[in-house]
Amino acid sequence: MSPPKKVDVNPKEQTILREWRELVEEHYLDDIKHLKGHPDIVWGFEVSHAHIDEKETLRLEFHINPTRMLKLGTRIMREQFEAQGVQMRPVIRIIELPEHYLRRLDTLRMRDRNRVVSIDVKITNVSQAYGWLKMAVYECKRCSTQTHIDQRRARERESPGFCQPCFDDLLEASEKGETSPRDLLPPVFKMLTEECKYEDVQDLQMCQVTYNSDHHVLNTSTRHQILGTVNDDLVGEVLTSTYARVNGIVRVQPIPERTFAKDTRRLLSIDVLSVEMLPLED
Ligand SMILES: [Zn+2]
């Protein structure tokens, strides 16, 4: 596999990385050490929101840009796993979110997109596990340069528009007046299937549940449903007919199985960050 690309980080991102490193060192080093020798390939590492709350920038970024904040956190977690000789790939699972994240499904709107929410639900259906292409690797057929392109689930696969080295060559040649008609042909790419990154996922159908202080279910609302997607270590872990507090990021999806590519209608869904079982009784 190719080495991970160094990504430029701005000052705010450097602060996020520093706070993540502090958080892990202050609270989780022993837990990481205990994972050494574990045979799994991927490990869902639970981080309590109370620890996020102690860090000014992490607390804010979890609220306003959770995807980026977790991506940077995963980088630190991977470093720490490697430093402790743990072979698994970590996935950060933030748990025990404060009550102000708790929302009812009927109150979710498009403006909540990309925000973190907690919802109390009954799991009414769990799909088969399937994989999706998370990052595609393309090779230019002319110069063999590789291009990595992050993909979006349930969207058309994106391919590179042009090849930078070939484009630079073309510019240079045209400055010298040496372009041949062949140079002006659009670049052709092939996808390197074996180099691509895939992710295991499962879709969950979830209904709003309400319960009283004795943990007795008062109502399960089939009117208020939403689709959630779990990945990696959570695949196979969530069971139909159980009750759970699902913490996740609100996403906007095209309506499934619509053949009209330009259909503008969209559905809300949840990219699940963590699942906490609710001890409820019917
Ligand atoms: Zn090229």
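The domain assignment of this protein, which is presented here as a predicted model, gives three entries, listed below with their residue ranges.

| Domain | Residues |
|---|---|
| domain 1 | 11–95 |
| domain 2 | 99–130 + 200–277 |
| domain 3 | 132–197 |

Domain 2 is thus written as two segments, 99–130 and 200–277, and the range of domain 3, 132–197, falls between them in the numbering. The centres of domain 1 and domain 3, taken over C-alpha atoms, are separated by 34 Å.

As regards the protein as a whole, its C-alpha atoms fill a box of roughly 80 × 50 × 35 Å along the principal axes. The secondary structure consists of six helices and 10 strands. The chain has 282 residues, of which 23% count as buried. Where contacts link residues at least 6 apart in sequence, 70% of them join residues at least 24 apart.

Helix α4 may be considered in detail. This helix spans residues 56–64, and its buried residues are Leu-58, Glu-61 and Phe-62. Viewed down the axis of α4, these buried residues fall within an arc of 105°, and therefore they line one face of the helix. Glu-56 and Ile-64, on the other side of α4, are exposed.

Against which elements do the buried residues of α4 pack? Their partners are three helices, α1 (11–27), α3 (49–53) and α5 (66–83), together with the strand β3 (116–126).

Notes:
Residues are numbered from 1 along each chain as its sequence is written. This is a predicted model: local features need pLDDT of at least 70, side-chain atom pairs count only at pLDDT 80 or more; totals for chains, interfaces and linings use all residues. Domain bounds come from an automatic or database domain assignment. Helices (H or I, at least four residues) and strands (E, at least two) are DSSP runs, numbered from the N terminus. A residue is buried if 20 or more other C-beta atoms lie within 10 Å of its own, exposed if 12 or fewer, and partly exposed in between; C-beta atoms are placed from the backbone. Two residues are in contact if their C-beta atoms, placed from the backbone, lie within 7 Å. The arc is that of the directions from the helix axis to the C-beta atoms.
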